[in-house]
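Trainee: I am new to this one and would like to learn what the labels rest on. Could we go through some of them together?

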Amino acid sequence: MVTFTDYRCTPNTADNDNPVFGFAKEIGVEASGTLANGLEVSFSDTLDLTDTSAEEGAFELALGGAFGTITFKDGADSAVDAAMVGDTSGADVTGALDLEGHILATSGTDGTGILYQAPTMGALDLYIGYAPNSGDTGDDTAEYLDTFSIGMTFSSGDLTVGGGFESATSENNDCDIAAVALHDVAITAAALFDDAYGTEHCGDQDLVAVGAEYAMGDMTFSAAYSELDTGEADQTSVSFGVATTISDIDLAVDYTTSENDFGPVADEQNVVHIGLSTALGDGVDLSLDVSSNDIAIASEANGGGHGGEFTTTFAEMKLAVGF
């Protein structure tokens with residue numbers, strides 16, 4: 001028996017009871033200085049007091065000078081991510097697919113790595129990223145070894161464009177698909193699709209991304225595109241946005257569409273987001289985010305219930321206090 005169970009999202013499984021109150025507590029440590037020989041050193045780290053596992057990836061150490069800037073980071077930065085501009089795909093949504101907006105790094109950048117920013121050459125900034133071992137083990141059994149990325153940002157007047165390319169080679173071909181036993185009564189449509197088409201981001205990966213920002217008076221227009229080609233599913237994302245300031249209120253409106261393509265079918269996601277934010281005083285900020293999220297799940301399209309397509313709405317008000 002095959003059950004068409006929603007495998008990415010679980011809408012309508014219970015009645016909603018809103019609003020929901022939450023909190024976050026962080027301690028940030030930052031230090032910087034210039035040595036007698038002119039070497040610029042900066043250090044930052046964040047301790048998440050509500051989720052200690054989130055401490056991973058918070059460490060960062062940078063060395064700068066006439067040679068440029070070298071940054072060591074736990075959870076390597078891709079040069080594509082560092083150079084990218086115009087990406088507005090980070091809007092908060094609920095019920096989202098695992099379409100991650102504009103993916104600006106391959107799986108090869110997992111683990112500690114290095115990001116080099118060359119000295120600015122006129123209006124051009126060049127970035128080179130290197131992640132030696134995705135598992136941080138030092139062993140050649142890690143999934144990805146020696147992953148390089150390159151990115152560039154160019155500014156001319158009110159126009160800024162940026163983007164880059166990254167390639168990661170899988171060492172053990174983790175896209176091997178285990179056959180699904182059709183007599184298994186617990187099998188889902190998602191498992192069948194993964195068995196037939198391959199729905200994961202795995203194996204060899206190539207990433208290309210480009211974005212732009214244009215300032216016109218008090219308004220900034222943004223656009224971005226990214227494409228991730230993997231051993232199984234390929235993801236393409238496009239976003240557009242506009243931001244402005246009205247009195248003391250920052251306003252942003254943006255749209256993102258993402259597609260996870262695995263053969264003749266694909267999962268799709270479209271997000272419309274509106275964000276408002278303002279400073280209530282020194283160190284006190286208030287923000288409101290509202291988004292509408294349209295989802296189409298390929299493996300559910302012929303099933304019951306929502307038939308693979310549904311819309312969720314998300315709203316969040318946040319009061320942030322820092323000192």
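Trainee: What does Thr 71 touch, not counting residues up to four places away in sequence?

Mentor: Thr 71 touches Glu 60, Leu 61, Ala 62, Gly 113, Ile 114 and Leu 115. Contact here means heavy atoms within 4.5 Å. Keep in mind that this is a predicted model, where local features need pLDDT of at least 70, side-chain atom pairs count only at pLDDT 80 or more, and totals for chains, interfaces and linings use all residues. Residues are numbered from 1 along each chain as its sequence is written, and side-chain values use heavy atoms, with hydrogens and water left out.

Trainee: Why is Thr 71 called buried?

Mentor: Buried means under 20% relative accessible area, exposed over 50%, and partly exposed in between (1.4 Å probe, protein chains only). Thr 71 has a relative accessible area of 11%, so it is buried.

Trainee: Where does Thr 71 sit, and what pairs with that strand?

Mentor: Thr 71 is in strand 4. Strands are DSSP runs of E with at least two residues, helices are runs of H or I with at least four, and both are numbered from the N terminus. Strand 4 (residues 68-73) pairs with strand 5 (residues 113-117) in the antiparallel sense, over 5 bridges. Two strands pair if DSSP finds at least two bridges between them, so these count as paired. Lys 73 stands opposite Gly 113 in strand 5.

Trainee: What makes strand 5 and strand 6 a pair too?

Mentor: Strand 5 and strand 6 (residues 124-133) share 4 bridges in the antiparallel sense, and Gln 117 stands opposite Tyr 127. They form a hairpin with 6 residues between them, and Gly 122 in the turn has a positive phi of about 65 degrees.

Trainee: Which residues other than glycine have a positive phi?

Mentor: Asp 146 is one of them, at about 50 degrees, and Ser 247 is another, near 60 degrees. Asp 146 lies in strand 7 (residues 145-156), while Ser 247 is in the loop between strand 11 (234-246) and strand 12 (249-262).

Trainee: How do you know whether Asp 146 and Ser 247 are buried or exposed?

Mentor: Asp 146 has a relative accessible area of 45%, so it is partly exposed. Ser 247 has 66%, and is therefore exposed.

Trainee: What about Val 29 in strand 1?

Mentor: Val 29 has a relative accessible area of 42%, so it is partly exposed. Leaving aside neighbours within four places in sequence, Val 29 is in contact with Phe 43, Ser 44 and Asp 45. The C-alpha atoms of Val 29 and Phe 43 are separated by 7.9 Å.

Trainee: What makes a group of residues a nonpolar core?

Mentor: A nonpolar core is a set of buried Ala, Val, Leu, Ile, Met, Phe, Trp, Tyr and Cys residues joined through side-chain atoms within 4.5 Å. The largest one has 8 residues: Val 80, Met 84, Ile 103, Leu 104, Leu 207, Ala 209, Ala 224 and Leu 228. Strand 9 (205-216) and strand 10 (219-229) are the elements that give two or more residues to this core.

Trainee: How confident is the predictor in the protein chain?

Mentor: The mean pLDDT (the predictor's confidence in each residue, from 0 to 100) is 81, and 77% of the residues reach 70 or more. Confidence is lowest in helix 2 (residues 189-196), at a mean of 66, and highest in strand 8 (residues 159-168), at 96.
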